[in-house]
Amino acid sequence: MQLLHHNDSDGLTSAAVLTRAFERAGFAVDRVCLEKPYPAVLRRVLEPSGRMLVFADFAGRIAPLIAELNRGRNLVLILDHHKATATDDPRVHLLDPELFGLRGDRDITASTTCLLFARTWGAANEDLAAVAIIGAVGDRFFVDGRLVGANRETALELAARGLLEIVSGGDGERYALVTPRGRVPVDELARELDTLGGAGYTAGGPEMGIRVCLEGPSPESVSMLARLRAIQEHAFADELRRLRSGGMKLTPHLQWIHVHDRFAPMGVKMIGAFLDEIKNLSDLDPRRYLAGFQAIPSAVPGVGDFELSEVKVSMRVSDAMAEGIRAGRLLGLDVLLPEATARVGGFADACHSLTAATTVPIGAEARLIDEMERILA
Ligand SMILES: [Mn+2]
């Protein structure tokens, strides 16, 4: 079985849950971690026939494309929680809670979706709840600071078995796993997995993260985390210096940077993480939309080299602008960026009102900025 999974904490915990469940059922699991299910990558993994492929924490929306590329060659199972598009292809099974009346942006993460799948398969897989809860907290699916829906049921069951401590406070709940090593705050575990999967994407970080989920931390995982944090801090500090010495480009409503491949070997999530760090700094204009471009490496670990002709763009806003967007006085990123991206022939993916990311053809960066200016004007 080949398991393709996302590289954030929800994707890594989903992969850990599915790996254990499939191995218990006698399958050998071959994992591939992807930052995004790029069509060129899908084409290659769906080319051979007679295999079983499982997608976790992405691909729900592109199930029809997967069916088209697969042409019945392989048995495909998609376990995702993002907005989904159903397919009637008999070889592509889409188990996305969005198609079953649940809210995949609030009630249930991919990790909990995978847990429900695993538990339905075998009662012994119940122990994987302690892994799934890390993804639920990692995706920050909180309402008034608490997990809700299926994620909450998982938390309450773990608490009833003495495996999770839930501490209520004024701003919601704090969750800590009760392990042989003592109490471990779940949000800290989730951030560690995000670092392993994001900053460590091309450096074996995802596999290390899955190992931490299934076997606990090791001296190797601790030193890898420290190394990745240092790389990230260094790269971000360099970029900030560059930005302070005139690296930020300005247009009437926007301020933007291009980091090219300066964040390598870290993954393309890093541009969003960097913008999050700088969006409220006094070096920036709090009234301009903030955009950052990052080159997408052409090598996908475990799959091979690709002619990826796109560049990633992430957007953020200052807290002051966020208030305006929430109040409806300013255009949200969920409208601005996808609209401009479509105009330059790009691909809109994860767009929310205050954080957004898409990909656009290499060379279309300045045109994308122009299109956004046109929309805002
Ligand atoms: Mn997720």
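**Close-up 1. Pairing of strands S8 and S9 in the predicted model.** Strand S9, residues 172–179, pairs with S8 in the antiparallel sense over six bridges, in a model that is predicted. Among the residues joined in this way is Gly169, whose bridge partner in S9 is Gly172.

**Close-up 2. The open sheet S8-S9-S10.** Three strands form an open sheet in the order S8-S9-S10, and their pairing is antiparallel. The edges are occupied by strand S8 (164–169) and strand S10 (182–185), each of which has a single partner strand, so that one side of each is left without a neighbour in the sheet. On average, and with direction ignored, neighbouring strands of this sheet are turned by 30° against each other.

**Close-up 3. Helices H6 and H7 against the strands.** Helix H6, which comprises residues 149–160, lies across S8 and S9 and runs at about 115° to S8. Helix H7, comprising residues 186–198, packs on the sheet, where H7 touches S9 and S10, and the direction of H7 makes about 60° with that of S10.

**Close-up 4. The crossing of helices H8 and H9.** The axes of helix H8 (residues 205–215) and helix H9 (residues 219–247) come within 11 Å and cross at roughly 140°, an angle that falls short of the limit of over 145 for a roughly antiparallel pair, and the two helices are therefore oblique to each other. The crossing of H8 and H9 is left-handed. On the H8 side the contact is made by Gly205, Met208, Arg211 and Val212, and on the H9 side by Ser221, Met224 and Leu228. By class, the residues of this contact between H8 and H9 divide into four nonpolar, two polar and one charged.

How values were computed:
Residues are numbered from 1 along each chain as its sequence is written. This is a predicted model: local features need pLDDT of at least 70, side-chain atom pairs count only at pLDDT 80 or more; totals for chains, interfaces and linings use all residues. Axes are lines fitted to C-alpha atoms, for helices over the stretch in contact, and angles run from 0 to 180 degrees between N-to-C directions. Helices (H or I, at least four residues) and strands (E, at least two) are DSSP runs, numbered from the N terminus. Angles under 35 degrees count as roughly parallel, over 145 as roughly antiparallel, 65 to 115 as roughly perpendicular and the rest as oblique. A crossing is left-handed if the near helix is turned anticlockwise from the far one by less than a right angle, and right-handed if clockwise. Two residues are in contact if their C-beta atoms, placed from the backbone, lie within 7 Å. Ala, Val, Leu, Ile, Met, Phe, Trp, Tyr, Cys and Pro count as nonpolar, Asp, Glu, Lys and Arg as charged, and the others, Gly among them, as polar. Two strands pair if DSSP finds at least two bridges between them.
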